[in-house]
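This report describes selected local features of one protein model, moving from single residues to a helix and the nonpolar cores.

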Amino acid sequence: VGAFESDVVRHYDDATVEYRFFGENLHWGLYAAGEAATSKAQHVAAAQRMTAEVVSAAEVRAGYRVLDAGCGIGTTALYLARQHACSVVGVNITASQIEIARKKAAEAGVEDHVSFELADCSKALPLDDASVDAIVTMECGVHLADRATFFRECARCLRPGGLLSGEDWFARDGLSQDEYTRHIQLICDTWVFPDIGTLSSYARLLEDAGLEVRRTLDLAERARENVRTLDRIRRLVAYSPGLRTGRWAEMAPALESAWRDGYFTLGTYVARKP
Ligand SMILES: C[S@@+](CC[C@H](N)C(=O)[O-])C[C@H]1O[C@@H](n2cnc3c(N)ncnc32)[C@H](O)[C@@H]1O
């Protein structure tokens, strides 16, 4: 594991406890147009809706073998196993999260259908060629030092006709260097991202990896309501050793305004292996 990846692991070793305060899905929520995220319960429901939509876009069926790349504490894997009767392999670079994921799978009684492997998604994945029917990946790509290798590895592991469905943090296309530095850089430094890509940069990498891009989608209004959850996280930071690293006090308002002003967004993408 390289120095950058060690920082990622340290971040999740420290902060997973705090993130779980916001639910078992370690990603942002997807809101209905006009919905206000006034409570934590709403965030939890919206995060689950995000999972459901990303999984649905992967067109999984019962019996499919699915890869969850950057699988957090196994919440999406458990959802795939229980709601969709899939078998799932989750990969993650953070061993402490894998431990939690394995415990959760055993508690849910799905340990025969779900497994978790320690791996760096910027490198070769521990899976055979064409060995999975579908891939889901939520908010992992943004952490990756080598997204080109990641998408090439996804293409290698997918069977022909299989879909990759992803969701991630994105910078708006066409930002100047100055805008990127002012609105995005601080976010990367705090959350341990090498950089934040654009939807079109992901589309290019997917195509270069030999996948057909079916669609990319800027979640725009359906994601912006997450600034209220960000505000709740920010208030927790003062009390939370795990989140005291990074420059939260400056970063949170910077992310909030980047989000509101459209420099920053969440997005989804779906690609197919020919
Ligand atoms: C924002 S969390 C999302 C977790 C999960 N996908 C979810 O939505 O609940 C990002 C995840 O990516 C994992 N991750 C970060 N860099 C990685 C890498 N290079 N290889 C594999 N996993 C990585 C982290 O350990 C963490 O579990």
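Ser87 has a relative accessibility of 25% and therefore counts as partly exposed, a class that lies between the limits of 20% and 50%. In this predicted model, Ser87 belongs to strand β2, which covers residues 87-92. Leaving aside neighbours within four places in sequence, Ser87 is in contact with Tyr64, Arg65, Val66 and His113. Ala77 is ten residues from Ser87 in sequence, and the two C-alpha atoms are 8.4 Å apart in space.

Backbone angles come next. Most residues other than glycine have a negative phi. Ala85, in the loop between α3 and β2, is not a glycine and yet has a positive phi of about 55°. Its relative accessible area is 44%, so Ala85 is partly exposed. Val192 also departs from glycine-like identity while having a positive phi, near 65°. Val192 sits in the loop between α7 (185-191) and α8 (199-208), and its relative accessibility of 12% is why Val192 counts as buried. Glu59, just after α2, takes a positive phi of about 50°.

Helix α2 itself spans residues 40-57, 18 residues in total, and reaches 26 Å from its first C-alpha to its last, close to the 26 Å expected. Which residues of α2 are buried? They are His43, Ala46, Ala47, Met50, Thr51, Val54, Val55 and Ala57. Residues three or four places apart in an α-helix point the same way, because there are 3.6 residues a turn. The buried residues of α2 pack against two helices, α3 (75-84) and α10 (227-237), and against the strands β4 (132-138), β5 (158-171), β6 (212-218) and β7 (264-272).

Two positively charged residues are buried without a salt bridge: Lys273 and Arg232. Lys273 lies in the segment after β7, whereas Arg232 is part of helix α10. The table sets out the nearest side chain of opposite charge and the backbone oxygen reached by each side chain.

| Buried residue | Nearest side chain of opposite charge | Backbone oxygen reached by the side chain |
|---|---|---|
| Lys273 | Asp129, 7.6 Å | Ala155, 2.7 Å |
| Arg232 | Asp231, 7.2 Å | Ala37, 3.0 Å |

The surroundings of both residues can be listed with residues up to four places away in sequence not counted. Lys273 touches Ala155, whose backbone oxygen appears in the table, together with Arg156, Leu158, Arg159, Pro160, Gly161, Gly162 and Leu211. Arg232 touches Phe22, Ala37, Thr38, Ser39 and Lys40.

The nonpolar interior remains. The largest nonpolar core has 62 residues, of which Trp169, Trp191, Ile196 and Phe264 touch the most other members. Helix α11 (residues 248-260) gives the most to this core, with seven residues. What does Ile196 touch, not counting residues up to four places away in sequence? Its partners are Val142, Arg147, Trp169, Phe170, Ala171, Tyr180, Ile184, Ile187, Cys188 and Phe264. A second, separate core has 27 residues, including Ala119, Leu127, Leu144 and Leu206.

How values were computed: Residues are numbered from 1 along each chain as its sequence is written. This is a predicted model: local features need pLDDT of at least 70, side-chain atom pairs count only at pLDDT 80 or more; totals for chains, interfaces and linings use all residues. Side-chain values use heavy atoms; hydrogens and water are left out. Helices (H or I, at least four residues) and strands (E, at least two) are DSSP runs, numbered from the N terminus. The expected span of a helix is 1.5 Å times one less than its number of residues. Buried means under 20% relative accessible area, exposed over 50%, partly exposed in between (1.4 Å probe, protein chains only). Contact means heavy atoms within 4.5 Å. Lys and Arg count as positive and Asp and Glu as negative; His and the chain ends are not counted. A salt bridge is a side-chain nitrogen of Lys or Arg within 4 Å of a carboxyl oxygen of Asp or Glu. A polar contact is a pair of N or O atoms within 3.5 Å; within protein, one must be able to donate a hydrogen and the other to accept it, and residues adjacent in sequence count only if both atoms are side-chain atoms. A nonpolar core is a set of buried Ala, Val, Leu, Ile, Met, Phe, Trp, Tyr and Cys residues joined through side-chain atoms within 4.5 Å.
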